[in-house]
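Please open the model in your viewer and keep the selection tool at hand. The tour goes from one selection to the next and says what is found at each stop.

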Amino acid sequence: MTLRFAGRLDRLGTESAFEVLAHARALEAQGRDIVHCEIGEPDFATPQNIIDAATSAMNNGATHYTPASGIREVREATATYVAKQTGVPTTWRNVVLTPGSKNILMFALMALVEDGDEVILPDPGYPIYRSLVSFIGGVPVSLPIRQSNGFRVDAEELASLITPRTRVLIVNSPQNPTGGILTAKDCEAIAELATRHDLFVISDEIYSRLNYEGAHVSLYGVPGMAERTVLMDGCSKAWAMCGWRLGFGAMPEELAKRMDTLMINTSSCAAAFTQWAAVEAFESPESDAAVTAMVTEFRARRDLLVDALNRIPGVACHKPEGAFYVFPDISATGHGDRELAAALLDEVGVAVLAGSSFGPQGAGHIRLSYANSVDNLRRAADRIGTYLGVPVAS
Ligand SMILES: Cc1ncc(COP(=O)(O)O)c(C=O)c1O
């Protein structure tokens, strides 16, 4: 039988990280030695106290369905955590728990965007934004995120992109793939525009705990924004819990009720024991200490990698303030980003992502994740330097 797929599937994109990882694994299966700099996931183990909380929850019967938006006590603990992080008074009624924060993004778009509505999103940016906006019938509009501007949002440029059809603005800080962050001033300027033009904002703050130069500034936390913003966050990056699948959103109560219906129609609920593990992540001092240790290690790796890359002629690497990615400009090497990413993997065994897979504005850059050991990052930089004709001997 020839399967006839619905046309909407053609509008779905993908995350090239998953594809490059599969290709890298296939090369490893043939005996090749690969340094993985493509993966967007902390290489640390989940803190033991969080694992213990999950196993004891399972032993105590947390193996059943829960209410669709999450267990009441866990929503309360999440609301307390959000209030502490952002300064916004938040109750359990504002919180929805989902299997990964991508669901919060999908549900917010489904709830708010009509066919033909414009959604402004960062470019380069997390590719799932563009993919899901197109999938649900919205029109993605690129907001350039430039290295020359420290990978921050240029509020004037943002203002120039707003039209009567603009409905939603997606903002991500700290940012994937650039590691850029928004300052308090940036957030205020964005908030002013969103309020003036009556836009709804999806503020993706999944990397909020991975900040190297100071405290995270939350757009959701700007006074007046909580009524027009969904905060998108989760346990994946802060506590090295990607495989646990727990995301959360904080939002106006009417939107939370709609998301509850969307959860009933899709996943039913996030896993029960994972929800209890999140309470341990939010509340225990041990979990906080684990985040601090991880940030210290990531900062050291960032510094090493940025210095090593900047020693390669033709490579200009901005020192990112957050997340665990660097996004060097490689245009002066004479290589295209897709060609260079493919060659680095095939020729010298370093898996990186092409900048243009994060949007047209990412062309001329590659993304490296430093969620890998210092030794491996040194090997990656050496191999890239060697491929480009200059061993960097970091
Ligand atoms: C910017 C950004 N947002 C959201 C996610 C999704 O995270 P999760 O679904 O694990 O919560 C990722 C994962 O890489 C990301 O980089």
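**Stop one: the ligand and its contacts**

Begin by selecting the ligand together with Asp 204, where a nitrogen atom of the ligand is 2.6 Å from an N or O atom in the Asp 204 side chain. Keep in mind throughout that this is a predicted model, so that every distance and angle quoted on this tour is a computed value.

Add Ser 236 to the selection, and you will find an oxygen atom of the ligand 2.7 Å from an N or O atom in the side chain of that serine. With Lys 102 the partner is on the backbone instead: a polar backbone atom of Lys 102 is 3.5 Å from an oxygen atom of the ligand. On its own the ligand has 400 Å² of accessible area, and the protein covers 94% of that area.

Now widen the selection to the shell around the ligand, which holds 14 residues, with Ser 101, Asp 204, Tyr 207, Ser 236 and Lys 237 coming nearest. Coloured by class, this shell shows 5 nonpolar, 5 polar and 4 charged residues. If you display pockets as well, the ligand is to be found in the largest pocket.

**Stop two: backbone geometry in the loops**

Most residues other than glycine have a negative phi, and most peptide bonds are trans. The next three selections are exceptions to look at one by one.

Select Asp 123 and Pro 124, which are joined by a cis peptide bond with omega of about 5°; Pro 124 lies in the loop between strand E3 (118-123) and helix H5 (127-135). Then move to Asn 176 and Pro 177, where the peptide bond is again cis, with omega near 15°, and where Pro 177 belongs to the loop between strand E5 (166-172) and helix H7 (184-196).

The third selection is Ala 240, which has a positive phi of about 50° although it is not a glycine. To locate Ala 240, follow the loop between strand E7 (229-234) and strand E8 (247-250).

**Stop three: an open sheet**

Finally, select the open sheet of 3 strands, whose order is E9-E12-E11 and whose pairing is antiparallel. Its edge strands are E9 (325-326) and E11 (353-354), each of which pairs on one side only. Between E9 and strand E12 (residues 366-369), which run antiparallel, there are 2 bridges. To see one bridge pair directly, select Tyr 325 and its partner in E12, Ser 369.

Note on methods. Residues are numbered from 1 along each chain as its sequence is written. This is a predicted model: local features need pLDDT of at least 70, side-chain atom pairs count only at pLDDT 80 or more; totals for chains, interfaces and linings use all residues. Side-chain values use heavy atoms; hydrogens and water are left out. A residue is near a molecule or strand if one of its heavy atoms lies within 4 Å of it. A polar contact is a pair of N or O atoms within 3.5 Å; within protein, one must be able to donate a hydrogen and the other to accept it, and residues adjacent in sequence count only if both atoms are side-chain atoms. Accessible areas come from the Shrake-Rupley method with a 1.4 Å probe; for residues, only the protein chains shown count as cover. On a 1 Å grid over the protein atoms alone, a cavity is a set of points where a 1.4 Å probe fits but cannot get out, and a pocket is an open set with protein on both sides within 12 Å along at least five of seven lines; lining residues have an atom within 4 Å of a point. A molecule sits in a cavity or pocket if more than half of its atoms lie within 2 Å of its grid points. Ala, Val, Leu, Ile, Met, Phe, Trp, Tyr, Cys and Pro count as nonpolar, Asp, Glu, Lys and Arg as charged, and the others, Gly among them, as polar. Two strands pair if DSSP finds at least two bridges between them. Helices (H or I, at least four residues) and strands (E, at least two) are DSSP runs, numbered from the N terminus.
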